[in-house]
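Please open the structure in your viewer and keep the selection panel at hand. The tour below proceeds one selection at a time.

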Amino acid sequence: MRGEREGSASALRLAENPEIICRVCQFYKPGKEVLECGAFRILKFFVESGRLSVEEIEEATKIIEKTTSEEV
Ligand code: SF4
């Protein structure tokens with residue numbers, strides 16, 4: 001488990017850059033205000049509590065984007 005300090009720094013980064021999560025969402029519109037859906041809140045909770053890092057989310061989104069582009 002990661003430290004709380006690291007979790008709060010990552011949570012701040014996530015709050016300032018919601019596209020880290022939302023970029024793989026079909027409902028995401030760049031430049032528009034992002035309201036937090038349940039999935040976003042759950043991921044944010046894990047980041048805030050230090051159980052998940054922003055880097056792990058970014059790694060997952062790269063895989064999702066690659067997988068999605070191969071499906072088309
Ligand atoms: S907050 Fe949730 S529904 Fe909204 S764009 Fe982000 S992931 Fe999609």
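Select Gly7, which is found in helix α1, residues 4-16. The model in view is a predicted one. Is Gly7 buried or exposed? Gly7 counts as buried, because it has 20 C-beta neighbours inside 10 Å, and 20 is the number at which a residue is called buried. Next, add Glu36 to the selection. Gly7 and Glu36 are 29 residues apart along the chain, and their C-alpha atoms are separated by 18 Å.

**The whole chain**

Now display the full chain as a cartoon. Its secondary structure comes to four helices and zero strands, so that, read from the N terminus on, the elements run α-α-α-α. The C-alpha atoms fill a box of roughly 40 × 25 × 20 Å along the principal axes. Of the 72 residues in the chain, 10% are buried. Consider also the contacts with a separation of 6 or more: residues 24 or more positions apart account for 73% of them.

**The ligand and its shell**

Centre the view on the ligand. Which residues are around the ligand? They are Ile21, Cys22, Cys25, Phe27, Tyr28, Val34, Glu36, Cys37, Ala39 and Phe40. Colour this shell by class: nine of its residues are nonpolar, none is polar and one is charged. Two helices, α2 (19-22) and α3 (38-48), each supply at least two residues of the shell.

**The nonpolar core**

Select Leu14, Ile21, Leu43, Val47 and Leu52. These five residues make up the largest nonpolar core. In soluble globular proteins, nonpolar side chains tend to be buried together. Ile21 deserves a second look, since it belongs to this core and is also one of the residues around the ligand. Then select Leu52 by itself. Leaving aside neighbours within four places in sequence, Leu52 is in contact with Leu43, Phe46, Val47 and Ile57.

**Lys44 in helix α3**

Move to Lys44, whose place is in helix α3. Lys44 is partly exposed, with 19 other C-beta atoms within 10 Å; the label follows because a residue is buried only at 20 or more. When residues up to four places away in sequence are not counted, Lys44 touches Ala11 and Leu14. Add Leu12 to the view: Lys44 and Leu12 are 32 residues apart in sequence and 9.8 Å apart in space, C-alpha to C-alpha.

**Helix α4**

Select residues 54-71, which form helix α4. How many of the 18 residues of α4 are buried? The number is zero, so the helix lies largely in the open. Its length can be checked in the viewer as well. At 1.5 Å a residue, the 18 residues should span 26 Å, and the end C-alpha atoms are 26 Å apart, which agrees.

Within α4, select Ile57. Ile57 is partly exposed, with 19 other C-beta atoms within 10 Å. Setting aside neighbours within four places in sequence, its contacts are Ile20, Ile21, Leu43 and Leu52. The C-alpha atoms of Ile57 and Ile20 are separated by 7.3 Å, although the two residues are 37 residues apart along the chain.

Finish with Glu56, also found in helix α4. Glu56 is partly exposed, with 14 other C-beta atoms within 10 Å. To return to the starting point, add Gly7 to the selection: Glu56 and Gly7 are 49 residues apart along the chain, and their C-alpha atoms are separated by 13 Å.

Conventions
Residues numbered from 1 in each chain as written. Predicted model: local features only at pLDDT ≥ 70, side-chain atom pairs only at ≥ 80, totals over all residues. Near = placed C-beta within 6 Å. Nonpolar A, V, L, I, M, F, W, Y, C, P; charged D, E, K, R; others polar. Expected span 1.5 Å × (residues − 1). Buried ≥ 20, exposed ≤ 12 C-beta atoms within 10 Å, placed from the backbone. Core = buried A, V, L, I, M, F, W, Y, C linked by C-beta atoms within 7 Å. Contact = placed C-beta atoms within 7 Å.
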